[in-house]
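Dear colleague,

I am handing over the structure below, and would be glad if you looked through it alongside my notes, which follow directly after it.

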Amino acid sequence: MKLPISSLLALSVLLAPSALTAAGVVNLFGWSEYVPQAVLDGFTAETGIKVNFETFASNEELLSKLVAGGGAYDLVQPSDYAAEVMIRRQMLAPLDPAKLPNLKNIDPALMRLPHDPAGAYTVPYMTGTVGIVVNTGKVHEPIRGYRDIFQPKFQNRLVVLNDSRELVTWALYAQGLAANDVTPANLAKVRPLLAEWVKLVKVFDSDSPKTALLNGDVDIGVVWSGEAAILWTQDRKFQYVLPAEGAHQFVDVLAIPAKAKNRDEAHAFINYILRPEVSRLISAAFPYTNPNLAARKLLTPEELANPASYPKGGRLETFRDIGKTATVIDKLVTDLKSAL
Ligand code: N2P
């Protein structure tokens, strides 16, 4: 039997659902509020590859799950310093550049950073900062840094990230120290300060700290820049401030665990999100700093003018792998919180 081309095409459309199931799966472990559902759906619609998506709210949560051997993930989304830990512990598979032609879109300045000097294991997803967001409708005094907000007058008016390393970093900065100066002596120094700070906080939330600000439950936050950027799009009264003492800058990446089974699918996903028109959708939903220069060209002037997404100036530092001290920091903050 000879079929015309048109009916063959029709037939392939009819067969598509079974072709979809045959096309495989990718198990993604990523940050909450960071990967738009539309992007996952778009990838599946085009490739037939199903995405199983699980989320975490801190690098330490990601690391402890993977170190314990949990989760059969094909793709993970650590920040720079957590990727550094995973590379050191041989927990990541080298990427195949031949399967990532869209990598050319990434800002070269964000490749081969200290966490992955050879650029062999990681692809930048989004970058951002951690800063202060102020509801200027409620707070009229000038806010420049951590010392201005962690004050008794703002007790119960603060939301901060539920993240031990972040909290300790802000206290280090407030004492004139650097983000990675986590010596036992410096931790002893920040402990009394942090003990006071945690008493002032109303909400600890890393997933969606914007919510408490939007609801008017609190007036000041120390949050991921993308959260502050969303608030600014909702209402210009939410102003973003990079703390004068210093601020954390992160480069969040995609990487493939060494034990991943579906490596081709994982590469296909990475290459998909590196497309400018896909990457711009990520920016539209979660307006962090987009490292994809081709995607940046597609952003609107308003998106590029968002002061939280594309801040100017600032004394910025990235985190480094601090080895076992990470556990010490976690215990310190957990102890202070449980004393509340
Ligand atoms: C997304 C948080 C991502 C930024 N909710 C933290 N590196």
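How many Å separate a nitrogen atom of the ligand from an N or O atom in the side chain of Asp252? In this predicted model, the distance from the ligand nitrogen to that side-chain atom of Asp252 is 2.8 Å. The protein buries 99% of the 260 Å² that the ligand exposes when taken alone.

The backbone also takes part in the surroundings of the ligand: a polar backbone atom of Ser32 lies 2.6 Å from a nitrogen atom of the ligand, while for Glu33 a backbone N or O atom is found 3.5 Å from a ligand nitrogen. Besides Ser32, Glu33 and Asp252, the residues around the ligand are Trp31, Tyr34, Ser79, Trp224, Phe250 and Tyr288, and this shell divides into five nonpolar, two polar and two charged residues. As for the cavities, the largest of them is the space that the ligand takes.

Turning to the strands, there is an open sheet of three, in the order β2-β1-β3 and with parallel pairing. Its edge strands, each of which pairs on one side only, are β2, covering residues 50–56, and β3, covering 75–76. Strand β1 spans residues 25–31 and is joined to β2 by seven bridges, the two running parallel; within this pairing, Gly30 has Thr55 in β2 as its bridge partner. In general, strands of a sheet pair through backbone hydrogen bonds, in either a parallel or an antiparallel manner.

With kind regards

Definitions and conventions:
Residues numbered from 1 in each chain as written. Predicted model: local features only at pLDDT ≥ 70, side-chain atom pairs only at ≥ 80, totals over all residues. Heavy atoms only, no water. Near = heavy atom within 4 Å. Polar contact = N/O pair within 3.5 Å; in protein donor to acceptor, adjacent residues only side chain to side chain. Areas by Shrake-Rupley, 256 points an atom, 1.4 Å probe, with all protein chains shown as cover. 1 Å grid on protein atoms, 1.4 Å probe; cavity = no way out; pocket = protein on both sides within 12 Å on 5 of 7 lines; lining within 4 Å. Sits in = over half its atoms within 2 Å of the grid points. Nonpolar A, V, L, I, M, F, W, Y, C, P; charged D, E, K, R; others polar. Pairing = 2+ DSSP bridges. Helix = DSSP H or I, 4+ residues; strand = E, 2+ residues; numbered from the N terminus.
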